[in-house]
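Q: I am new to this structure, and I would like to learn how to read its features one at a time. Could we begin once it is in view?

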Amino acid sequence: MRARLAWAGLMGEGALLALAGCAPTAKPAPAVVVATPAPVTPLPAAPPSVLVAAARPPMALCGRGVVAPGPDGRMLNHFPYPEMPVSALVPAPAALGDDSCRVHPATLPDLQRLIAAADADPRVAGKLRAVSCQRSVAFQAQTFCAGILSGRSQGFRDRAWASAPPGHSEHATGYVIDFGTRDRGGCPDADACFAATDMGKWLLANASRFGFELSFPAGNRQQVKWEPWHWRWVGTAASAPGATTARRTFALARAKFPARPGVE
């Protein structure tokens, strides 16, 4: 009897094992594929709405003191400008009557057209001349300091009303010409009376058509002397050859103190 029970137990165990072996094997769950998100490229920062000049250190002037530039980069109301190397300049047209006059080559086509237009007008034909063109920083230092050391000016700010400190003159760029007239009628060069001459009136009415604009108009908020003879070239349009660089050079001045008349 005991033997039968034992055998039955063995049989039961085997049967269970056999049944277990025949049981279907559970299939593993399919792997879940998770897509890797594409890298997000950050959007470029929006350009600043206000142009800001790079910080500049204080400058010693004329052996009489040190002047620090303001928050917008201006020194004594004048913006800083790069000096165009003499090797990169070209002679101005001979019609302007100044063999020493050198200008940025980008200005030349418009300058030649301006001269031709003036010569075609009987009121001013043959009268246009150049008084001052590109100036080096060293020459500007002599010009500025001469008024200080001679005692003609009361101080730096008084002198800067009529002359930019070195490194801060638009003339250094080669894009600027101080015009004059051969028919002065008693009006000296670089004087407000130039605006009343036929040549001065013609420039006020026509210079902007050739890419030139008046940097320092009457009553300008930059607090620089009215200079109806001082014209900077920015091109007739932003797409004109060389105009992009010229407009970038004067971007701060044009944004804060627009020329009158100016060029769009």
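A: Helices, of at least four residues, and strands, of at least two, are DSSP runs numbered from the N terminus. In this predicted model, the protein chain has 7 helices and 8 strands.

Q: What percentage of the 264 residues in the protein chain is buried?
A: A residue counts as buried when its relative accessible area is under 20%. By that cut-off, buried residues make up 41% of the 264 residues in the protein chain.

Q: How do I read the way a helix faces its surroundings, and which residues of helix H5 are buried?
A: The general idea is that an α-helix has 3.6 residues a turn, so residues three or four places apart point the same way. In helix H5, which spans residues 198-206, the buried residues are Met199, Gly200, Trp202, Leu203 and Asn206. These residues cover an arc of only 160 degrees around the axis, which puts them on the same side of H5.

Q: Which elements do the buried residues of H5 pack against?
A: The buried residues of H5 pack against helix H2 (108-119) and against three strands, namely E5 (128-132), E6 (176-181) and E8 (230-233).

Q: How is the packing of H2 and H5 described?
A: Two packed helices are described by the angle between their axes and the distance between the axes. Here H2 and H5 pack at an angle of about 125 degrees, with their axes 12 Å apart, and they are therefore oblique to each other. The crossing of H2 and H5 is right-handed. On the H2 side the contact is made by Leu114, Ala117 and Ala118, and on the H5 side by Met199, Trp202 and Leu203.

Q: Is Gln140 buried or exposed?
A: Gln140, a residue of helix H3 (residues 137-149), counts as buried because its relative accessibility is 2%. The side chains of Gln140 and Ser163 are joined by a polar contact of 3.5 Å. Leaving aside residues up to four places away in sequence, Gln140 touches several others, including Arg135, Ala164 and Pro165.

Q: Where should I look for backbone geometry that departs from the usual pattern?
A: Most residues other than glycine have a negative phi, and most peptide bonds are trans. Asn77, however, has a positive phi near 80 degrees, and this residue sits in the loop between strand E2 (65-67) and strand E3 (90-91). Gln223 has a positive phi near 60 degrees and is found in the loop between strand E7 (212-214) and E8. The peptide bond from Arg260 to Pro261 is cis, with omega near -5 degrees, and Pro261 lies in the segment after helix H7 (251-256).

Definitions and conventions:
Residues numbered from 1 in each chain as written. Predicted model: local features only at pLDDT ≥ 70, side-chain atom pairs only at ≥ 80, totals over all residues. Heavy atoms only, no water. Buried < 20%, exposed > 50% of the residue type's maximum accessible area, 1.4 Å probe, protein only. Polar contact = N/O pair within 3.5 Å; in protein donor to acceptor, adjacent residues only side chain to side chain. Contact = heavy atoms within 4.5 Å. Arc of directions from axis to C-beta. Axes fitted to C-alpha atoms, helices over the stretch in contact; angles between N-to-C directions. Parallel < 35°, antiparallel > 145°, perpendicular 65-115°, else oblique. Left-handed = near helix turned anticlockwise from the far one by under 90°.
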